[in-house]
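Please open the structure in your viewer and keep the sequence panel beside it, since this tour moves from one selection to the next and says what is to be found at each stop.

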Amino acid sequence: MSAIPSAAAPRTPLQRALRAFANSNTAMLGLVLLVCIVSLALLAPWIAPQNPYDLMQLDIMDGQLPPGSKAASGMTYWLGTDEQGRDMLSAILYGLRISLLVGFSSAVAAAAIGTTLGLLAAYAGGRTDNAIMRLVDLQLSFPAILVALMILAFLGKGVGNVILALVIVEWAVYARTARASALVQRRKEYVEAALSYGSSTLRVLFRHLLPNCLPPLMVIVTVQIARAIALEATLSFLGLGVPVTEPSLGLLISNGYQHMLSGKFWISFYPGIALLITVVAINLIGDRLRDVLNPRNAD
């Protein structure tokens, strides 16, 4: 008598992957941290003790106060203040908004462009494939930070310019990954069947090839989001990222870097911790996704 399968057992590869992801303590820790970080960033205008962008709320006399200090108004600066008298806790919450906006926006835009070009290269082949992949090789031959610095030196500071620069340096990674996956799927029967039914190129690319290329692309997206956040922090630290009026975590770290040796460590230390936790949380999720979506690890 054959055993009756349990109703709770996962029946599809996606269900097995989700269960494997949920059973990972490190992945769930990363997910919980990321949800908390995103929630704090979204709710910053309502939960932050101070609006660091409102000059009327800043008092230069409260500049560089250590953590736990109290202002004359009775407000407690739990993480201290910077040179302008900004509450570091509030500045970090608002800085998270900029860093996450840049990271997620650039990753999504780069994924859309790179994936489309990668699928087109694999499907069309020939000269189209050669032209796209030579452009990818050219893009990947230069260090990302160098390309981003040159673009921002030409365009100037600004959140939109930073996102554009990161899209330009990231799209090639998605294109190469999408092409590699699509080349495998291109030879399978379901693609030939779709072509025999007269399906259009767009339908074959996005209705048939794309869904089967998503697992590796999902891993790349998570890794690239963390990379984009770290790269934006580097650009802002160097003074070519976001403007002073919209400080991200990288700019907050840069503002306090010169005071590190004078004992005022909190100006750079706490934004650095926030940046570290954000990047680690996203990487924990990405590492686990890479394991559970790997077909070689399928049961």
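Begin by selecting Ser-181, which lies in helix H7 of what is, throughout this tour, a predicted model. Is Ser-181 buried or exposed? Its relative accessibility is 16%, and because buried means under 20%, Ser-181 counts as buried. If you now show its surroundings and set aside the neighbours within four places in sequence, you will find Ser-181 in contact with Cys-213 and Pro-216.

Next, zoom out until the whole chain is in view. The chain has 11 helices and two strands, and if you follow the elements from the N terminus, they run α-α-α-β-β-α-α-α-α-α-α-α-α. Taken along the principal axes, the box filled by the C-alpha atoms is roughly 75 × 60 × 30 Å. Colouring by accessibility would set apart the 42% of the 299 residues that count as buried. Among contacts between residues at least 6 apart in sequence, 70% join residues that are at least 24 apart.

Now select helix H5, residues 126-140, and look along its length. Its 15 residues should span 21 Å at 1.5 Å a residue, and the C-alpha atoms at its ends are 21 Å apart, which agrees with that expectation. Within H5, highlight Asp-129, Ile-132, Met-133, Val-136 and Gln-139, which are its buried residues. They cover an arc of only 110° around the axis, and therefore they sit on the same side of H5. Turn to the other side of H5, and there you will find Gly-126, Arg-127 and Ala-131, which are exposed.

What covers the buried residues of H5? Add helix H4 (88-124), helix H6 (144-155) and helix H7 (159-186) to the selection, since the cover includes these three helices; H7 is also the helix in which Ser-181 is found.

For the last stop, keep H4 and H5 alone on the screen. Two packed helices are described by the angle between their axes and by the distance between those axes. Here the axes of H4 and H5 come within 7 Å and cross at roughly 145°, and the crossing in which H4 passes H5 is left-handed. To see where they touch, show the side chains of Leu-117, Leu-120, Ala-121 and Ala-124 in H4, which meet Gly-126, Thr-128, Asp-129 and Ile-132 in H5. Sorted by class, the contact of H4 with H5 has five nonpolar, two polar and one charged residues.

Methods: Residues are numbered from 1 along each chain as its sequence is written. This is a predicted model: local features need pLDDT of at least 70, side-chain atom pairs count only at pLDDT 80 or more; totals for chains, interfaces and linings use all residues. Side-chain values use heavy atoms; hydrogens and water are left out. Helices (H or I, at least four residues) and strands (E, at least two) are DSSP runs, numbered from the N terminus. The expected span of a helix is 1.5 Å times one less than its number of residues. Buried means under 20% relative accessible area, exposed over 50%, partly exposed in between (1.4 Å probe, protein chains only). The arc is that of the directions from the helix axis to the C-beta atoms. Contact means heavy atoms within 4.5 Å. Axes are lines fitted to C-alpha atoms, for helices over the stretch in contact, and angles run from 0 to 180 degrees between N-to-C directions. A crossing is left-handed if the near helix is turned anticlockwise from the far one by less than a right angle, and right-handed if clockwise. Ala, Val, Leu, Ile, Met, Phe, Trp, Tyr, Cys and Pro count as nonpolar, Asp, Glu, Lys and Arg as charged, and the others, Gly among them, as polar.
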